[in-house]
Amino acid sequence: MSSKPEILVISEIPQAMIDTLECHFVVHRYWQPNAQTLLRERASAIRGALTRAAKGISTALIEQLPALEVIAGFGVGVDATDLDICRQRGIRVSNTPNVLNECVADTGLALMLAVTRKICEADRFTRAGEWEHGVFPGAWKMSGKRCGIVGMGNIGHDIAQRAAAFNMPIHYFSPREARNRRWQRHNSLTSLANAVDFLVLTLPGGATTQHIINREVLEALGPEGILVNIARGSVVDTGALIAVLQEGKLRGAGLDVFEEEPHIPPALRSLQNVVLLPHIASNTAETRQAMADLTINNLVSYFTQGKLLTPVV
């Protein structure tokens, strides 16, 4: 084999990324049908792995790679990878923070507007020729409404800045205090939900935030409230969300992420006041290129200089 380090790419990525990786590494494609044969033959030589952050890398696979030294995540979240196992094994982990903040925040605002102004419903109405037979029902104004943000990290901050441009008072719930002291911090999710018209989720996934947005929080948001999730599907109790929407206890929702994605419950898909996106918040050409570059550069830096550019572990 080549003297280049061997790495395992977990899920399919653009060919341009593969081409660049192959300048530095021997690249093995785990998503292809010969994955098990590959592992039997090369597992002991594979030193690095690259995975989409939302997919992560299973603990079982980590255990099959005795020489694994580093995992580079394409994305921000690290909840799909067992970081405790990585720490025990001394495996380094990186992600791609900050380069996707703006596009994710843009998507959050797009979902807020789409639900409030019934953009997708109006599109369906127009395409079906219904305009020829009647007037589209009125929607709601977004400017001046109260915006609540769960998780005041970099993306939460960017959401708040965009919402403030719509003259929206900013409220939030977060372990960290916002950079803008004029924004109102709440000491509980129900307090936040009670105080706002929009609840925008930008918090991390994982066991500690599993179903943190439950029926109590959703009912506190109320029948004129709108939920927007650009975080992780796991943070919302999907059953509770469907129930409050069906019962008219929530005005609507804009969702980019789901608990069992790409599978979405039929009951959620059938609701006209819900806008559903296929986890595309960071999916712009510019941002995905920046993410790809940082993911690859993390691996190159590790194997040439012994350090990650954006380490998590």
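A pocket is an open set of points on a 1 Å grid over the protein atoms alone, with protein on both sides within 12 Å along at least five of seven lines; its lining residues have an atom within 4 Å of a point. The model is predicted, so local features need pLDDT of at least 70 and side-chain atom pairs pLDDT 80 or more, while totals for chains, interfaces and linings use all residues. Residues are numbered from 1 along each chain as its sequence is written, and side-chain values use heavy atoms, without hydrogens and water.

The second largest pocket has these values.

| Feature | Value |
|---|---|
| Volume (space filled by probe spheres set on the grid points) | about 190 Å³ |
| Lining | 13 residues |
| Share of α12 (285-305) | 7 residues |

A16, M17, R288, Q289 and A292 lie nearest the centre of this pocket. Two or more lining residues come from each of α1 (15-21) and α12; helices are DSSP runs (H or I) of at least four residues, and strands (E) of at least two.

In helix α2 (residues 35-42), A35, L38 and L39 are buried (under 20% relative accessible area, 1.4 Å probe, protein chains only). They sit on the same side of α2 because they cover an arc of only 100 degrees around the axis, taken from the directions to the C-beta atoms. R40 and E41, on the other side, are exposed (over 50%). The cover over the buried residues includes β1 (6-9), β2 (26-29) and α3 (59-63), counted by contact (heavy atoms within 4.5 Å).

How values were computed
1 Å grid on protein atoms, 1.4 Å probe; cavity = no way out; pocket = protein on both sides within 12 Å on 5 of 7 lines; lining within 4 Å.
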